[in-house]
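These are my notebook entries on a single chain. I set down what I looked up, in the order in which I looked.

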Amino acid sequence: MNLRPKAKYIIPLIIPIIVLLMPLSAFPFDGLTIVQQRVIAIFLLAALCWVFEPIPIYATSVVIIVLELLLLSDKGILWFRSGAGEAHFGELLNYKDIMATFASPIIMLFLGGFFLAMAATKYRLDVNLARVLLKPFGRDPKFVMLGLMMITAVFSMFMSNTATTAMMLSILTPVIAVLGPKDPGRIAFALCIPVAANIGGIGTPIGTPPNAIALKYLVGEHTISFGSWMAFGVPFVVVMMALAWALIHFLYRSDQEAIDLDIKGRFLKTPKAIMVYVTFTLTIVLWLMGSLHGMNSYTVALIPVALFSLTGIINKEDLKKISWDVLWLVSGGIALGLALDQTGLAQLVVHSIPFGEFSPYVVLVGSAFLCLLMANFMSHTATANLLMPIMAALGASMTSLTPLGGEVTLILVVTFAASLGMSLPISTPPNALAHATGNVQSSQMAKVGVILGLVGVLLSFVLVWALLALGHIG
């Protein structure tokens, strides 16, 4: 009898139930509350469902939000709220905060990206951009992929990784269209965009939120300027991009020897097409120049939503084509991070690790890989916000870390690890967008994400120690 099909349904269900039934004393965390125990069960349910996929991954996200409302919120089932206020029970979450994950700023950024992508496709902007941008890279699939990755990485250094991915995936459409339905090249091209976006963001202090968070703790004699960050961030990005390109090409080599992008036509000149071009350009410029106008990327993302709706460029029939499953998927990831953070479970787990008792090498490597693991299941920003103050304090207090660069090394390797968590569709919004194309499965994303994450963390140690030895940081 084949147990595998049954196992993929039974395992994700049985393990969380066992966790819920265990006494609090059975957990290796001092002061664990009942609410935190429920979060552990929900976390395991989510992780196992995302790995085994007994139900669609977007459905898992919806289940997470509903379970949090029922088991963790102040408006949940009455029986599950009995004992609230007692020390061992823990604090319940505000139901409005859980429901607000459906309308998180990240979701608004996605929505803006979807509107841009739909309008670009409708008025052939994506096709024409592909024709112009990819022409210098020839016809060889691996070099076309390299071109896409390079363009994506450069944009990601200065604007939202999610916005960059949404824009580049719209350019990718005519490229994938020339590949056969079972061509592994489809996987390669769909994967290369989010990978390049995630890696590219490491290159500048504004490329991704964890970088900016790290700079808050690198002050005084450890201050790193914008230029100094790029001096080590860009080389790291270049090396990681080369490795990512080689890995993706090796694992998912296209069956075609050449991609004939026979893209004909020209930019449309109708009033609505011109409106699309202007709005597309304006949105990107506003994303790039956030420090000048003061709007964040989430606010800017709603500008094309308003303009395209107002002008009829995107109508009610187009709205039906939006990947609502992606928005639900991301909402679930945000809700899971919210529960881990606001119930204090993530902080409890981190503080339960006796860093001071370990070798400095174990602390450095353990901290980086702990961050990498957390970043695959939580928002990169939430992970960095949680770990960075702990790492700064730990680096300053552990004298045994001083010969290895002290808090500078610890903060930088943890920062890099936060951006390298990209093994699951819910790890980063770019991953979720790429998964929504239908060209890449969770297992394929995990294979590439795990390898690049592990290699990237090890490479970050080499880079930081080399820079410390040369006196460029410290």
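**Entry 1: T60 and its surroundings**

I began with T60, which lies in helix α3 (residues 57–71). I note at the outset that the model is predicted. I then asked whether T60 is buried or exposed. Its relative accessible area is 2%, so I recorded T60 as buried. I next looked up which residues T60 touches, leaving aside those up to four places away in sequence. The contacts of T60 are A46, C49, W50 and I55.

**Entry 2: The chain as a whole**

I turned to the overall make-up of the chain. I found 22 helices and zero strands. The chain has 474 residues, of which 53% are buried. The exposed area comes to about 20,600 Å², and carbon and sulfur atoms supply 68% of it. I also looked at how contacts are spread along the sequence. Among contacts with a separation of 6 or more, 77% are between residues 24 or more positions apart.

**Entry 3: The largest nonpolar core and helix α7**

I asked which residues touch the most other members of the largest nonpolar core. That core has 147 residues, and the two I was looking for are L148 and F189. In soluble globular proteins, nonpolar side chains tend to be buried together. I then listed the contacts of L148, again without residues up to four places away in sequence. L148 touches L134, M168, I171, L172, C192 and I193, and F189 is also on its list.

L148 is among the buried residues of helix α7. The other buried residues I noted in α7 are P141, V144, M145, G147, M149, I151, T152, A153 and S156. Helix α7 runs over residues 141–156, which is 16 residues. From first C-alpha to last, α7 reaches 22 Å, close to the 22 Å expected at 1.5 Å a residue.

**Entry 4: Helices α18 and α16**

I made the same check on helix α18 (residues 360–375). Its 16 residues reach 22 Å between the end C-alpha atoms, close to the expected 22 Å. The buried residues of α18 are P360, V363, L364, S367, A368, L370, C371, L372, M374 and A375.

Helix α16 covers residues 324–342 and has 19 residues. I found that α16 reaches 27 Å from its first C-alpha to its last, close to the 27 Å expected. I also looked just past the end of α16, where G344 takes a positive phi of about 85°.

**Entry 5: Salt bridges**

How many salt bridges does the structure hold? I recorded four. In one of them, D318 pairs with K122, and the closest N and O atoms are 2.7 Å apart. This pair links distant parts of the chain, since D318 is in helix α15 (residues 316–319) and K122 in helix α5 (residues 105–122), 196 residues apart. I compared the burial of the two partners: D318 is buried at 8% relative accessible area, whereas K122 is partly exposed at 35%.

A further salt bridge joins D140 and K142, with 2.9 Å between the closest N and O atoms. Here D140 is partly exposed at 26% relative accessibility, and K142 is partly exposed at 24%.

I also recorded the salt bridge between the side chains of E317 and K320, at 3.3 Å from N to O. E317 counts as partly exposed at 42% relative accessibility, while K320 counts as exposed at 60%. Separately, K122, D318 and K321 are joined into one network by salt bridges that share partners.

**Entry 6: A nonpolar surface patch**

My last search concerned nonpolar residues on the surface. I found a patch formed by Y9, I10, L13, I14, I17, I18, L20 and L21, with about 780 Å² of accessible area together. L21 belongs to helix α1 (residues 4–21), and I18 is in helix α1 as well.

How accessible are these two patch members? L21 has a relative accessible area of 69% and is therefore exposed. I18, at 45% relative accessibility, counts as partly exposed. I closed with one distance: I18 and A41 are 23 residues apart in sequence, and their C-alpha atoms are 8.4 Å apart in space.

Methods
Residues are numbered from 1 along each chain as its sequence is written. This is a predicted model: local features need pLDDT of at least 70, side-chain atom pairs count only at pLDDT 80 or more; totals for chains, interfaces and linings use all residues. Side-chain values use heavy atoms; hydrogens and water are left out. Patches are made of residues with over 30% relative accessible area and no salt bridge: like charges are joined within 9 Å, nonpolar side chains (Val, Leu, Ile, Met, Phe, Trp, Tyr) within 5 Å. Accessible areas come from the Shrake-Rupley method with a 1.4 Å probe; for residues, only the protein chains shown count as cover. Helices (H or I, at least four residues) and strands (E, at least two) are DSSP runs, numbered from the N terminus. Buried means under 20% relative accessible area, exposed over 50%, partly exposed in between (1.4 Å probe, protein chains only). A nonpolar core is a set of buried Ala, Val, Leu, Ile, Met, Phe, Trp, Tyr and Cys residues joined through side-chain atoms within 4.5 Å. Contact means heavy atoms within 4.5 Å. The expected span of a helix is 1.5 Å times one less than its number of residues.
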